[in-house]
Amino acid sequence: MYEVLFQAHSGLRFIVFFALIIALILAFAGWFGGKEFTKTNRIFNLVTMISTHLQALFGIFLYFVSPLAQYNNMGEAMKNSTLRYWTVEHLVMMLLAVVLITIGNSKSKKLLNASAKHRAVAIYFGLGLIVILAAIVQSGRPLLGISH
Ligand code: HEM
Ligand code: HEM
């Protein structure tokens, strides 16, 4: 079970990255280029939402079976930087990123003006991407390579 969830969570990261980056480029282009908020924008935002939410869901399941998530042993986990990262830091940073992306998507749906819609996605998805990249750099694992 650990191996299956690990591979799913590890592999889905590529879809999360690419969907997020395409949605971001389209949002910045729409914002600065004064473009309409099109169906293409909506579709890439939706693909980003589905992949990041699914990634978070796999992550939560993975958390319960990973030998590196030592939530029953917090005292020891805190003293070891690898265990602390996988028990606390990864989860907190990644959930924050997913929340930022979800807020951006919700705002872009509620706002009426095309420029404001693009801006909400550009800013919140952009912040989400920064937090995800920071978390992955912090993990010490390769950004775009499977570690084991
Ligand atoms: C956008 C959200 C997320 C992204 C992009 C992400 C990304 C990653 C990456 C790149 C890895 C390393 C995979 C490898 O070494 O091949 C990983 C591992 C892991 N993630 Fe996430 N993650 C996210 C959310 C979460 C959440 C919300 C949780 C827990 C609640 C979580 C729990 C874990 C666990 C337990 C591991 C495995 C550690 C191990 O056993 O080696 N992740 N994640
Ligand atoms: C950990 C479990 C999950 C939680 C807590 C969660 C929570 C949320 C929240 C709070 C929203 C925002 C709703 C709004 O805009 O008002 C949302 C939207 C969304 N979620 Fe999730 N979600 C989860 C899992 C999933 C999964 C597994 C998928 C798909 C495979 C998914 C796909 C979506 C999509 C597509 C939207 C955006 C809908 C739209 O823009 O119309 N979520 N989710």
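How many helices and how many strands does the secondary structure of the chain come to? In this predicted model, the chain comes to five helices and zero strands, so that, read from the N terminus on, its elements follow the order α-α-α-α-α. Taken along the principal axes, the C-alpha atoms of the chain fill a box of roughly 50 × 25 × 25 Å.

**Two helices side by side**

One pair of helices can be described in some detail, namely α4, which covers residues 81–110, and α5, which covers residues 114–139. Their axes lie 7 Å apart and the helices pack at an angle of about 170°. Because angles over 145 degrees count as roughly antiparallel, α4 and α5 are roughly antiparallel to each other. The residues of the contact of α4 with α5 divide into 19 nonpolar, six polar and four charged.

**The iron atom of ligand 1**

The protein donors of the iron atom of ligand 1 are the NE2 atoms of H9 and H90, which lie 2.0 Å from the iron atom. This pair links distant parts of the chain, since H9 belongs to helix α1 (residues 2–32) and H90 to helix α4, with their positions 81 residues apart in the numbering. Around the iron atom of ligand 1 there are six donor atoms, and the angles that they subtend, 86 to 180°, make the arrangement octahedral. For comparison, the ideal angles for six octahedral donors are 90 or 180 degrees.

**The surroundings of ligand 2**

The iron atom of ligand 2, by contrast, has a single donor from the protein, which is the ND1 atom of H53 at 2.1 Å, and H53 has its place in helix α2. The residues around ligand 2 include H53 itself, along with L46, M49, I50, L54 and L57, as well as T102 and S106. By class, this shell has five nonpolar, four polar and two charged residues.

Three side chains around ligand 2 each have an N or O atom close to an oxygen atom of the ligand, at the distances listed here.

| Side chain (N or O atom) | Distance to an oxygen atom of ligand 2 |
|---|---|
| R42 | 2.8 Å |
| N105 | 2.9 Å |
| K109 | 2.7 Å |

The elements that give two or more residues to the shell around ligand 2 are α2 (39–65) and α4, and the largest share, seven residues, comes from α2. Helix α4 thus appears in each part of this account: it packs against α5, it holds H90, a donor to the iron atom of ligand 1, and it gives residues to the shell around ligand 2.

Definitions and conventions
Residues are numbered from 1 along each chain as its sequence is written. Chains are lettered from A and ligands numbered from 1 in the order in which they are written. This is a predicted model: local features need pLDDT of at least 70, side-chain atom pairs count only at pLDDT 80 or more; totals for chains, interfaces and linings use all residues. Side-chain values use heavy atoms; hydrogens and water are left out. Axes are lines fitted to C-alpha atoms, for helices over the stretch in contact, and angles run from 0 to 180 degrees between N-to-C directions. Helices (H or I, at least four residues) and strands (E, at least two) are DSSP runs, numbered from the N terminus. Angles under 35 degrees count as roughly parallel, over 145 as roughly antiparallel, 65 to 115 as roughly perpendicular and the rest as oblique. Ala, Val, Leu, Ile, Met, Phe, Trp, Tyr, Cys and Pro count as nonpolar, Asp, Glu, Lys and Arg as charged, and the others, Gly among them, as polar. A residue is near a molecule or strand if one of its heavy atoms lies within 4 Å of it. A polar contact is a pair of N or O atoms within 3.5 Å; within protein, one must be able to donate a hydrogen and the other to accept it, and residues adjacent in sequence count only if both atoms are side-chain atoms. Donors are N, O and S atoms within 2.8 Å of the metal (3.2 Å for Na, K and Ca); water is not among the atoms, so sites may look incomplete. Four donors count as tetrahedral if all angles lie between 85 and 135 degrees; four count as square planar and six as octahedral if opposite donors are over 155 degrees apart and all others between 65 and 115; anything else is irregular.
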